[in-house]
Amino acid sequence: MRIAYLECFSGMSGDMFLGALVDAGVRPELLQQTVAALDIGARLEFSRVVRSGISAAKADVWVDGKKDAPREEHSEEHHSHEDHSSKHHEHQHEHTHTHHGESARAGAPAPHEHSHGRALTEIKRVISATSISAGAKKIATSVFEALGAAEAKIHDTSIEKVHFHEVGAVDAIVDIVCAAVGFEALAVDEMVCSPLNVGGGMVQCAHGTFPVPAPATVELLKGAPVYSSAPQVELVTPTGAAIVKTLARRFATFPEMKIEKSGYGAGSRDFPGHPNVVRLTVGKTSAHDLAAKTESETIAVLEANLDDLNPQIFGYVMDQLFEEGALDVFALPVQMKKNRPGTLLTVLCKPERAGVLTQLIFTETSTLGVRRREEIRQVLARRWQSVQTSWGEVRIKIASMNGTVTNYAPEYEDCRRIAKKNQVPLKTVMQAAARAYLDVDGKA
């Protein structure tokens, strides 16, 4: 399988991630076309910069013809106010404005703005209307939902009341939607992330001084390994944290892989002796090598919950399923609603047999619903070989990988038939068949 490893030794921000994607092979035109399709008055530019001796790709967002200014990320919450008119009524007005610029770009404080922002529902509509894949839309929406949920918790409000400041929202939409599209274009099966260097110190915002990492960043990085090193500035932004939270399957040191390519994405500031970049490395893991030595096939998985089926019928149903082409049938005890003990029936089969087997489950059991999904399974190459025992012939099932035998087993039904006919223990027949195979083949 193909894997991407994101190294956040200088933090993580949305623009840094976009730069790393492009430097690792994602076409910049793809991301620029994505921004144009958003139709929110923005465009995206890429350039080459050097950060402490490392050449990296730099992403810059232009909004309404102006290059995005370095901004801190912070929140400001407006509580209720009173209208002292002659009618003397109260007008409750509560929402959260979140200024989403990437503070890793520079350390200047954000301007104090009070213009009405974009709610999460509006941003979701923008994403939904954009001509990108359904998968990219789902990723982008998930990132924004994680960001909104963190802000809502910090400010003790609901996610529906979180608003993203107008300029910052455009910047965040570009970073997040392009991150989703670019990640999909990278075509990897998994992204692993390193521990994140969050920086340190304090950060100046319009409403005061806050500790680094910012409260929203701390909330988003729950469960992730973090540390503070090198420049004492904000290195991980809430947007960067939300992207990592959504895309990274796990956190680990550099995984075993055969490296194919790597890319560096630059932050705005150049710290002496500290490369302000993120590195994205793409390669193939040993799991891919295993796949190359085995066969891959698509199977259907059928599941049904049974809580009122006569146990005597269950064995009959299993036999019928096998006769109709099931690859495997098994059951697990489960505790169902109203504390009733039940059984989870699972059937593996070829996709073309799923309809017939589903009909059989409905006909022969008491279930009212059958769940179905398709999965990919890796299987070892298998063959049969017959051996002679003192009681007769027994088939041996042999599994191999890349030409090397990995498993072998006497066929149960052959051994059972012989044991019953000759009145000998089943285990004795199976042991004799295994010895006969080893004598003939000379290897296990």
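Is Arg416 buried, exposed or partly exposed? With a relative accessibility of 41%, Arg416 counts as partly exposed, since that class covers what lies between under 20% and over 50% relative accessible area. Before following this residue further, let us take in the whole chain, keeping in mind that this is a predicted model.

The chain has 444 residues, and 48% of them count as buried. Its secondary structure consists of twelve helices and 25 strands. If you look at contacts between residues at least 6 apart in sequence, 70% of them join residues at least 24 apart.

Let us begin the tour with helix 2, which spans residues 28-38. Here Leu31, Thr34, Val35 and Leu38 are buried. Looking down the axis of helix 2, you will find these buried residues within an arc of 100 degrees, so they line one face of the helix. Just after helix 2 comes Asp39, with a positive phi of about 55 degrees.

Further along, two helices invite a closer look as a pair. A general point helps here: two packed helices are described by the angle between their axes and the distance between the axes. Helix 4 (residues 134-154) and helix 7 (residues 238-247) have axes that come within 9 Å and cross at roughly 125 degrees. That angle makes helix 4 oblique to helix 7, and their crossing is right-handed. From helix 4, the residues Ile139, Ser142, Val143, Ala146 and Leu147 take part in the contact, meeting Pro238, Thr239, Ala242, Ile243, Lys245, Thr246 and Leu247 of helix 7. By class, the residues of this contact between helix 4 and helix 7 are eight nonpolar, three polar and one charged.

On the way to helix 7 there are two loops worth a stop. In the loop between strand 14 (208-211) and helix 6 (215-220) you will find Pro213, and the peptide bond leading from Val212 to Pro213 is cis, with omega near 0 degrees. The loop between strand 15 (226-227) and helix 7 holds Ala230. Although Ala230 is not a glycine, its phi is positive, at about 60 degrees. Ala230 is partly exposed, its relative accessible area being 41%.

Next comes helix 10 (residues 354-364), where Ala354, Leu357, Thr358, Leu360 and Ile361 are buried. These residues cover an arc of only 160 degrees around the axis, which puts them on the same side of helix 10. What does helix 10 meet in helix 9? Ile313, Tyr316, Val317, Gln320 and Leu321 in helix 9 are in contact with Leu357, Leu360, Ile361 and Glu364 in helix 10. Seven nonpolar residues, one polar and one charged make up this contact of helix 9 with helix 10. As for the geometry, the axes of helix 9 (residues 311-323) and helix 10 come within 11 Å and cross at roughly 160 degrees. Helix 9 is therefore roughly antiparallel to helix 10, and the crossing is right-handed.

We can now return to Arg416, which is found in helix 11 (residues 412-422). Its C-alpha is 8.8 Å from that of Met430, with the two positions 14 residues apart in sequence numbering. The loop between helix 11 and helix 12 (426-441) contains Gln423. Gln423 has a positive phi near 55 degrees, although it is a residue other than glycine. With a relative accessible area of 68%, Gln423 is exposed, whereas Arg416 is partly exposed.

Technical notes
Residues are numbered from 1 along each chain as its sequence is written. This is a predicted model: local features need pLDDT of at least 70, side-chain atom pairs count only at pLDDT 80 or more; totals for chains, interfaces and linings use all residues. Side-chain values use heavy atoms; hydrogens and water are left out. Buried means under 20% relative accessible area, exposed over 50%, partly exposed in between (1.4 Å probe, protein chains only). Helices (H or I, at least four residues) and strands (E, at least two) are DSSP runs, numbered from the N terminus. The arc is that of the directions from the helix axis to the C-beta atoms. Axes are lines fitted to C-alpha atoms, for helices over the stretch in contact, and angles run from 0 to 180 degrees between N-to-C directions. Angles under 35 degrees count as roughly parallel, over 145 as roughly antiparallel, 65 to 115 as roughly perpendicular and the rest as oblique. A crossing is left-handed if the near helix is turned anticlockwise from the far one by less than a right angle, and right-handed if clockwise. Contact means heavy atoms within 4.5 Å. Ala, Val, Leu, Ile, Met, Phe, Trp, Tyr, Cys and Pro count as nonpolar, Asp, Glu, Lys and Arg as charged, and the others, Gly among them, as polar.
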